[in-house]
Amino acid sequence: MPRSVTTTLTRSPTLVEIWQANAGGRYKHEGDRHPAPLDPNFSGAGRCLTDDEGRYEFVTVKPGAYPWGNHPNAWRPAHIHLSLCGHAFSSRLVTQMYFPGDPLFEFDPIMGSVPVSARDRLVANFELGLTQPEWALGYRFDIVLRSTPFET
């Protein structure tokens, strides 16, 4: 089922790019050797500019978990990569958005590298009001550019 991801950024215009695995957990990339099938109708990437209020929206599929091979039975949880570029490429921010309730969070190296008190910032919120009836579930993932969880 398609998923709608909506977010609000504090600065505009911002170039927002996403990339992700397909619903089977496979990237459309020659280096991805996961045996899950590729979907010929899914590129796994998107790009747009935020509007005057810093908002954007993507409609995509929920990515599947995939093995990452760093140790036996290691899996990455469902996530979408985001790249944000403001007025210059040198101001690029790259992050990941996770979906709520994933049982793989505790095993994920990216999630584990973030202080426990800030991990919820990486998880989108399901919002019924953003859901498109009979088409897509809606999630909100607000990105606020202030300070990092490592700053005091």
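**Exercise 1. Determine where glutamate 134 lies and whether it is buried or exposed.**

Solution. In this predicted model, glutamate 134 belongs to the loop between S9 and S10. Its relative accessible area is 85%. Exposed residues are those over 50%, so glutamate 134 counts as exposed. The backbone is then examined: phi of glutamate 134 is positive, near 60°, in a residue other than glycine. Most residues other than glycine have a negative phi.

**Exercise 2. Carry out the corresponding analysis for asparagine 73.**

Solution. Asparagine 73 is located in the loop that runs between strand S5 (66–67) and strand S6 (75–76). Although asparagine 73 is not a glycine, its phi is positive, at about 60°. With a relative accessible area of 69%, asparagine 73 is exposed.

**Exercise 3. Classify the ring pair of tyrosine 98 and phenylalanine 105, and state whether each residue is buried or exposed.**

Solution. The search of the whole structure yields 5 aromatic pairs. For tyrosine 98 and phenylalanine 105, the ring centres are 5.7 Å apart and the planes stand at 90°, so the pair is edge-to-face. The cut-off for burial is under 20% relative accessible area. Tyrosine 98, at 0%, is therefore buried, and phenylalanine 105, at 19%, also counts as buried.

**Exercise 4. Describe the pair formed by phenylalanine 126 and tyrosine 139, and place it in the chain.**

Solution. The geometry is edge-to-face, with 5.7 Å centre to centre and 70° between the planes. Phenylalanine 126 is in strand S9 (residues 125–126) and tyrosine 139 in strand S10 (residues 137–140); the two are 13 residues apart, and the pair links distant parts of the chain. Phenylalanine 126 is partly exposed at 41% relative accessibility, whereas tyrosine 139 is buried at 7%. Ring pairs also join Phe99 with Phe126 and Tyr139 in a cluster.

**Exercise 5. Identify the residues with the most contacts inside the largest nonpolar core, and the elements that give two or more residues to this core.**

Solution. The largest nonpolar core has 14 residues, and Val16, Leu82, Met97, Phe99 and Phe141 have the most contacts inside it. Two or more residues come from each of strand S2 (15–20), strand S4 (55–61) and strand S7 (79–85). Of the elements, S7 gives the most to this core, with 3 residues. Another core, of 7 residues, lies apart from the largest one and includes Tyr98, Phe105, Met111 and Ala118. Tyr98 and Phe105 are the edge-to-face partners of Exercise 3.

How values were computed. Residues numbered from 1 in each chain as written. Predicted model: local features only at pLDDT ≥ 70, side-chain atom pairs only at ≥ 80, totals over all residues. Heavy atoms only, no water. Phe/Tyr/Trp six-rings, centres within 6.5 Å; stacked < 30°, edge-to-face > 60°. Buried < 20%, exposed > 50% of the residue type's maximum accessible area, 1.4 Å probe, protein only. Helix = DSSP H or I, 4+ residues; strand = E, 2+ residues; numbered from the N terminus. Core = buried A, V, L, I, M, F, W, Y, C linked by side-chain atoms within 4.5 Å.
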